[in-house]
Structures are given as C-alpha cells and as structure tokens.
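Me: I have a chain in front of me and would like to go through it one question at a time. Please reason through each answer before naming the result.

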Amino acid sequence: ANNTDGLSGFPKYRIANIKDIQQQAQSSGCPVYFFAYPLTNEPCFLVDLQALLGQPVPEIPNPYYGQYAGPIGQIKTIQGVGPNNSIYAFSDVCVHLGCQLPAQVLVTSENNPGLDVTNSVLHCPCHGSLYSLMKGGVVVGGPAPRPLPIIFLEYDQNTGDIYAIGTNAPYFSASIPRTTPADNLLYDPRYSYSVPSNPSCSKG
Ligand code: FES
C-alpha cells in the first residue's frame, strides 16, 4: 500500500532530515530519534529497524488493518522510508495507562531484562507491556489492550527530509479504536509528556 492513501485531517510536519539520523547513528550508534507529532507534547520516535536488527525491513504489517471503515483501515502493510526503506515511527506513549516508553534503551536491551533487541521488542517499565516493532507494534506481552500506534512517514529523496503525515490509530486513549482517523488527534489531557532530546540512546 502507499502510505499516503486516503490520509486526511492530519498536519504534515517535517520532523527530521536523513542526515540528522545518519550523523547520530555514526556518532552514537543510535538508530532511535525522538520527535513530537502532531502536538508538541505528544512524543514519538523514529527507529531504523535495519540498523537495529541488522537485516532489511522494507515493510511491517499494519495491525489496525480492517479496524477502520475508511482508507486507513485498508492499509495492510506500512512501508519504511529512507535510503533502505527501513525507518519507521511509533508513538512513545504506552496504550495501557499512558506511561512514556523508554525507546532510547532499545539498543542497550541486553542490559535491560524484558527487552529483546533481536526481535525489536520495546518494554514498558510501568506494568510490563511488550510491543514488537518489527511486527507493527503488536502486543507480545503484558496488559496493553492494543498495538502501539504507528506514525505514517513520507520521505523526500531529493532533500532527505522526513515528514510525519498521520497515524494508523489513536495514541493513548480510553476508547479503542476511535472510528475516524481525525479522532486520533485526541489524547488524554490528564497526561503531559516531554519529548526526549536527540541523540537519544542511553548506553546502559
Ligand atoms: Fe505501559 Fe501499563 S502503562 S504497561
């Protein structure tokens, strides 16, 4: 599927340039890059799954396939962006009870019980939810009731700019999933998040 099929109602923001990510990867070995989308207090992260896993990952399944009546619900797979088609973006907020996820420790997972870098599993420290990024953010353990939302990306090959253009599901919210993509802009106002600075990886 083309990731832009039928997307509407979301802002298109430039969130990074491929050079930012490549320079960060060279200097720190970190394939994770934080950004805010669509609001400034909604943290998300880019991850180069090929750099993380050491194998090509040109697409991942959309776990929300079939859950919306509109075009987003018809997207079966989501394509990575960047030179290797291996850069993806996810919400950094656990859909269980809204804790911020420690995506910056993905690369040091051998030091963090419960994380499994070879399967790109991200661990929520609050109640132990486990999300497989390579499988599209599906829950592979713990109490999270649904997959981790994915941010759709667009890549400009000429400039190297990476844009966020929408999401496949609501971020943390009580109702799952809401019925129209525009509702994805809603979030629980009881929570306030900050976006970690880049370079983001912590060496544990
Ligand atoms: Fe993440 Fe509960 S908030 S597992």
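Reply: Before the questions, a definition: two strands pair if DSSP finds at least two bridges between them. Helices (H or I, at least four residues) and strands (E, at least two) are themselves DSSP runs, numbered from the N terminus. This is a predicted model, in which local features need pLDDT of at least 70 and side-chain atom pairs count only at pLDDT 80 or more, while totals for chains, interfaces and linings use all residues. Residues are numbered from 1 along each chain as its sequence is written.

Me: In S11, which residue is the bridge partner of isoleucine 151?
Reply: S10 and S11 run antiparallel and are joined by 5 bridges. They form a hairpin with 5 residues between them, and glycine 160 in the turn has a positive phi of about 80 degrees. Within S11, the residue that partners isoleucine 151 is threonine 167.

Me: Which residue in S10 does phenylalanine 90 stand opposite?
Reply: Strand S10 covers residues 150-155 and is joined to S6 by 2 bridges, the two strands running antiparallel. Opposite phenylalanine 90, in S10, stands isoleucine 150.

Me: Is phenylalanine 172 buried or exposed?
Reply: Phenylalanine 172 lies in the segment after strand S11 (161-167), and its C-alpha is 7.3 Å from that of histidine 96, although the two are 76 residues apart in sequence. A residue is buried if 20 or more other C-beta atoms lie within 10 Å of its own, exposed if 12 or fewer, and partly exposed in between, with C-beta atoms placed from the backbone. Because phenylalanine 172 has 23 C-beta neighbours inside 10 Å, it counts as buried.

Me: How many C-beta neighbours does asparagine 85 have inside 10 Å?
Reply: Asparagine 85 sits in the loop between strand S5 (77-79) and strand S6 (87-91), and it has a positive phi of about 50 degrees although it is not a glycine. Asparagine 85 counts as partly exposed because its number of C-beta neighbours inside 10 Å is 16.

Me: Which residue does a cis peptide bond join to tyrosine 37?
Reply: The bond has an omega of about -10 degrees. The residue joined to tyrosine 37 is found in the loop between strand S2 (32-36) and strand S3 (43-48), and that residue is proline 38.

Me: What percentage of the residues of the protein chain count as buried?
Reply: The protein chain has 2 helices and 11 strands, which run β-α-β-β-α-β-β-β-β-β-β-β-β from the N terminus on. Of its 204 residues, the share that count as buried is 43%.
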